[in-house]
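Student: Got a minute to go through a structure with me? I'd like to take it piece by piece.

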Amino acid sequence: MKQIESSELLSRQVEIIDVMNGIPHGVALIDKELRIFSMNRVLEVMTGYCTEAVQGIHCNYVLRTDCDEGLNKVLNNGGETLILEGSSIDANRKKVSVRITASPLKGRTGGDDGLLLVMEDISMLKEMDIKLQGSPEKKNLLGNSPKLQEIIELLPVFAYTDATLLITGETGTGKDLLAEAIHKSSKRAKYPFIKVNCGAIPETLLESELFGHVRGAFTGANSDKPGMFRLAQGGTLFLTEIGDLPLQLQVKLLTVLDDKEFYPLGSSKKIKVDVRLITGTHRDLKLLLDEGKFRDDLYYRLNVLRAHMPSLRERGDDVLLLMNHFLKEFNNNLGKGIKGFASYAIDYLMRYEYPGNVRELRNILEHAVNICQCDIIQMEHLPAYMLSAGEKKPAPVAGRLPDFKDEAITPGAPRRNFASWTEIEKSRILEAMVETKGNRSEAAVKLGWSRSTLWRKIKYYGLD
Amino acid sequence: MKILVTLTADDIAPRFDLCTEVLIAEFAEGSAGAVPRNVLLPGPSADELCSLILKENIDVVVCGGIEDSFFQYLVWKKVGVIDRIIGTSAKALQLAFEERLQPGAVI
């Protein structure tokens, strides 16, 4: 066997081996030629070899993993720690899922002396993950509407590739969720998913936020900052509201996408990155192109793959599904026991336009669950802005459930096609008056109002 | 005796299921050596490799790590398997022929 070169590792052997033996995973020290220098006891058991027998042998022969190509890249990775996942065949001929964390060891001269490999058996974690989570896209993207199903079907295609993806859609439609689901389904899932809102950061800070800076690059830059591109190394960077990206940064982003490297602010050293870029916007980028606010070359570079998130109006019965989902979520969060919705409330929520889409529906449900002190969410538990007169009329939407009955609240109530809260209220007053044979006091009790409120509303609607 | 060694360059491949090249050598009775031949496989596949081993009537397989299911299958098919070997294929072949190669040996 080849004799490995003497290095700083050798002088630290005694202390390091004690530390390594204290770690409950397989740990190996390997030299810069990827040959085994030392292994801890756990790794000796996993591989079935003792350190003395395999010292100087290339680690691929000893570890028997399928990560050999990845390991070869580690030393050329500019001193970055890499996490690799794969399988290994252990001493008992069992194929186990492993996660290898490879960290370069720097010598006193600053050069790489070798690598520290930590090999974890993650077979049990993998099994549990499959049982608990199912597929990540199913967990995050809720809905059965054809338009959403189209996106879910395309998700594995988006996840398989590293091509840039542009996600469009109105605000609150779930662009972020889709980006995260794609990241979690991709081979980059074990690396970071970083989201940057280009519209939320001042223009002057955005460059530093994305690309980082070195100490002294500008007034107040007291220390080096890695920037989001570097933090997302190996993973996915999601730039939301890309339409708000200043023109000056659009050029830099284009360069990064083409060359996969950039200069941090104030630095003369190029940084190489391996990041998948996903962008999102609620703006019409074509319109921004025409107005000269967005570079056409960047637009075509970002628009390699395209996904359009449907608005809630286009998702038909998904509203009901999401209502029940959010009700369950807030019931759990707030420790409430709300059982459902009154038929009027369902009707109204199903017909509302939702300019804020799923985010708005979620907020409406959070409001309702907080306010509601009984078992069923009623109209009065919905936010006032939805119900106030003169508010945007909820429009009937094709494809939604035709009827809802809530026997506990309105027994035998016929289906109504209301256009607004005004009509619903008028109808309720008339119903109560008919039921009580015109007795206003009884009708007021039935409606849960005082007699004067009923009188005022009758006057207001001209029902007298 | 017919011996098959899983290969990566001149060494024994660390994984049976990932190997794409094998070396097959047949030692006639009473002979001191044999002319081995290399066989390139269409791709890494433990199933395909088992089929080749049976088709070639191999007596002994020398390999690196092998999954237990394939190991048991070959043993059931009366093929000897010497696994977890680290070293050069030439030396492993010679030791296997001399019946001096043990599982887990680093040669």
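Tutor: Sure, we'll take the two chains, their helix packing, the cores and a couple of backbone oddities.

Student: Any ground rules before we start?

Tutor: This is a predicted model, where local features need pLDDT of at least 70, side-chain atom pairs count only at pLDDT 80 or more, and totals for chains, interfaces and linings use all residues. Residues are numbered from 1 along each chain as its sequence is written, while chains are lettered from A and ligands numbered from 1 in the order in which they are written.

Student: OK, how many helices and strands are there in chain A?

Tutor: Chain A has 22 helices and 14 strands. Those are DSSP runs numbered from the N terminus: H or I over at least four residues for helices, E over at least two for strands.

Student: And what's the pattern along chain B?

Tutor: Chain B reads β-β-β-β-α-β-α-β-α along the sequence, which comes to three helices and six strands.

Student: What share of each chain is buried?

Tutor: In chain A, 33% of the 464 residues count as buried; in chain B, buried residues make up 38% of 107. Buried here is 20 or more other C-beta atoms within 10 Å of the residue's own, exposed is 12 or fewer, and partly exposed is in between, with C-beta atoms placed from the backbone.

Student: What about long-range contacts?

Tutor: Take the contacts with a separation of 6 or more: in chain A, 65% of them join residues 24 or more positions apart. For chain B that share is 46%. A contact is two C-beta atoms, placed from the backbone, within 7 Å.

Student: How many residues of chain B are in contact with chain A?

Tutor: 13 residues of chain B, and they meet 13 residues of chain A. The chain B side has six nonpolar, three polar and four charged residues. For those classes, Ala, Val, Leu, Ile, Met, Phe, Trp, Tyr, Cys and Pro are nonpolar, Asp, Glu, Lys and Arg are charged, and the others, Gly among them, are polar.

Student: Switching to helix packing. At what angle do α9(A) and α10(A) pack?

Tutor: Helix α9 (residues 146–160) of chain A packs against α10(A) at about 50 degrees, with the axes 8 Å apart. Axes are lines fitted to C-alpha atoms, for helices over the stretch in contact, and angles run from 0 to 180 degrees between N-to-C directions. That angle makes the pair oblique, since under 35 degrees is roughly parallel, over 145 roughly antiparallel, 65 to 115 roughly perpendicular and the rest oblique.

Student: Which residues meet there?

Tutor: From α9(A) you have A:I151, A:L155, A:P156, A:F158 and A:A159, and from α10(A) A:L178, A:A181, A:I182 and A:S185. By class, that contact has eight nonpolar residues, one polar and no charged.

Student: Is α10(A) mostly covered or mostly open?

Tutor: Mostly covered: eight of the 11 residues in α10(A) (175–185) are buried. Among them are A:K175, A:E180 and A:H183.

Student: What about α1(B) and α2(B)?

Tutor: Helix α1 (residues 46–55) and helix α2 (residues 68–76) of chain B have axes that come within 11 Å and cross at roughly 15 degrees. That makes α1(B) roughly parallel to α2(B). B:A46, B:C50 and B:I53 of α1(B) make the contact with B:F70, B:Y73 and B:L74 of α2(B), and the residues are six nonpolar, no polar and no charged.

Student: Which residues touch the most other members of the largest nonpolar core?

Tutor: A:A28, A:I36, A:L117, B:V5, B:V61 and B:V62, out of 59 residues. A core is a set of buried Ala, Val, Leu, Ile, Met, Phe, Trp, Tyr and Cys residues joined through C-beta atoms within 7 Å. There's also a second, separate core of 38 residues, including A:L155 and A:A179.

Student: Last one: where do A:N357 and B:A9 sit?

Tutor: A:N357 is in helix α18 (residues 357–371) of chain A, and B:A9 is in the loop between β1 (2–8) and β2 (11–12) of chain B. A:N357 has a positive phi near 55 degrees, and phi of B:A9 is near 55 degrees too. Most residues other than glycine have a negative phi. A:N357 is buried, with 24 other C-beta atoms within 10 Å, whereas B:A9 is exposed, with 8.
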